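The exercises below are meant to be worked through with the sequence and the structure side by side. Each one sets a task, and a solution follows in steps.

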Amino acid sequence: MSYHGNPCWYELGTSDLKAAGDFYGRILNWQVADSGMEGFEYHLAKSDGDMVAGMMSNAGQQGNPPPNWLIYFAVDNCDKTAADIKAAGGKVYKEPDDIPGTGRFAVVADPQGAVFGLLQPDMSQMSEADRAKAEEGGAFNQKKAGHGNWNELMSTDPQAGFAFYSGLFGWTKGEAMDMGDMGTYQLFRYKGVDIGAVMGLGGAPMPAWLPYFGVDGAVTKIVEVIKSAGGKVHHGPIEVPGPAYIAVAQDPQGAWFAVVGAEK
């Protein structure tokens, strides 16, 4: 089965691995542990038994980026997709490379500059149970707390941005919402399911992807935990169509993320 275009992994580049792991453990009930990779410290986060995110140091990365979340999308052919991105005016920051036992990956940017990841899963390494989880959504699962729930693109040119990803991943348009001075909030769909939206910058300093993680219980309570754990809440909790409640925040190291839940 093809998962081309499906959000499949969330990866945090941070200045303090231990502190970040502790923070998200409190916020999202993740169990975070070292992956055991030789020569490279990479931590893995589990939620309800599912692998949902990776964490690593961003020290020495190209361009010295601040702490940030990177959303990966599954692709059938990493090399071809990376070439297609270059041809469409995007950039490839990390050329396709293999992760033993996992698959082939690349780090890229759309023509407006928003950075994201590609992952071509190595299906031969998957057990039947892992394949079943992948079919459910894997790290992205809108029915499970602690998993990726929504993927929001802030862009200098939302229309061109949607056209780029639609051509790359086959996404289709969902509902479009008028946000007044903020412009249009255009939902996009993967295989008929709304998985995210594209909008203008909305105050963001540059084009970027923002991951939303699902939470159990009231978002108001999660906001208080975020604050008490050293994070900053910039927006929310507010109600959005669904109905659902969201809050946009930064972790103590500065990485932006958002939470979404059914209760205020």
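The model shown here is a predicted one.

**Exercise 1. Locate Thr14, decide whether Thr14 is buried or exposed, and list what Thr14 touches.**

Step 1. Thr14 is found in strand β1, which covers residues 7-14.

Step 2. The relative accessible area of Thr14 is 0%, and because buried means under 20%, Thr14 counts as buried.

Step 3. When residues up to four places away in sequence are not counted, Thr14 touches Ala20, Met56, Ser57, Asn58, Pro67 and Gln253.

Step 4. A polar atom of the Thr14 side chain also lies 3.4 Å from the backbone nitrogen of Asp16.

**Exercise 2. Follow the pairing of β1 with β5, and then that of β5 with β8.**

Step 1. Strands β1 and β5 run antiparallel and are joined by six bridges; within this pairing, Trp9 has Tyr72 in β5 as its bridge partner.

Step 2. Strand β5 is joined to β8 (residues 115-121) by three bridges, and these two strands run parallel. Here Tyr72 stands opposite Gly117 in β8.

Step 3. Of the seven residues of β5 (residues 68-74), six are buried, so this strand is largely enclosed by the rest of the structure.

**Exercise 3. Work out which residues of α2 are buried, where they sit around the axis, and what they pack against.**

Step 1. In helix α2 (residues 78-87), the buried residues are Cys78, Thr81, Ala82 and Ile85.

Step 2. These residues cover an arc of only 100 degrees around the axis, which puts them on the same side of α2. The background is that an α-helix has 3.6 residues a turn, so residues three or four places apart point the same way.

Step 3. The buried residues of α2 pack against β6, β7 (103-109), β8 and α4.

Step 4. At the N-terminal end, α2 is capped by Asn77, which has a side-chain oxygen 3.2 Å from the backbone nitrogen of Asp79. Just after the helix, Gly89 takes a positive phi of about 100 degrees.

**Exercise 4. Compare the span of α4 with the expected one, and describe its buried and exposed residues.**

Step 1. Helix α4 (residues 158-169) has 12 residues, and the distance from its first C-alpha to its last is 16 Å, close to the 16 Å expected at 1.5 Å a residue.

Step 2. Gly161, Phe162, Phe164, Tyr165, Leu168 and Phe169 are the buried residues of α4. Seen down the helix axis, they fall within an arc of 160 degrees, so they line one face of α4.

Step 3. The face turned away from this buried side carries the exposed residues Gln159 and Gly167.

Step 4. Just after α4 comes Gly170, with a positive phi of about 80 degrees.

**Exercise 5. Place His147 and find its polar side-chain partner.**

Step 1. His147 belongs to the loop between α3 (128-136) and β9 (148-154).

Step 2. Despite this loop position, His147 is buried, with a relative accessible area of 0%.

Step 3. The side chains of His147 and Asp50 make a polar contact of 2.8 Å.

Step 4. Leaving out residues up to four places away in sequence, His147 touches several others, including Ser47, Val52, Asn141, Tyr212 and Gly214.

**Exercise 6. Trace the order of the eight-stranded sheet, identify its edges, and find the helix that packs on it.**

Step 1. The sheet is open, with its eight strands in the order β10-β11-β12-β9-β13-β16-β15-β14, and its pairing is mixed.

Step 2. Strands β10 (172-178) and β14 (232-240) stand at the edges; each has a single partner strand, so one side of each is left without a neighbour in the sheet.

Step 3. On average, neighbouring strands of this sheet are turned by 25 degrees against each other, direction ignored.

Step 4. Within the sheet, β13 (residues 208-214) and β16 (residues 256-261) run parallel and are joined by three bridges, and Gly214 stands opposite Val260 in β16.

Step 5. Helix α5 (residues 219-228) packs on the sheet, where it touches β14, β15 (244-250) and β16, and its direction makes about 175 degrees with that of β14.

Technical notes: Residues numbered from 1 in each chain as written. Predicted model: local features only at pLDDT ≥ 70, side-chain atom pairs only at ≥ 80, totals over all residues. Heavy atoms only, no water. Pairing = 2+ DSSP bridges. Helix = DSSP H or I, 4+ residues; strand = E, 2+ residues; numbered from the N terminus. Axes fitted to C-alpha atoms, helices over the stretch in contact; angles between N-to-C directions. Contact = heavy atoms within 4.5 Å. Expected span 1.5 Å × (residues − 1). Buried < 20%, exposed > 50% of the residue type's maximum accessible area, 1.4 Å probe, protein only. Arc of directions from axis to C-beta. Polar contact = N/O pair within 3.5 Å; in protein donor to acceptor, adjacent residues only side chain to side chain.
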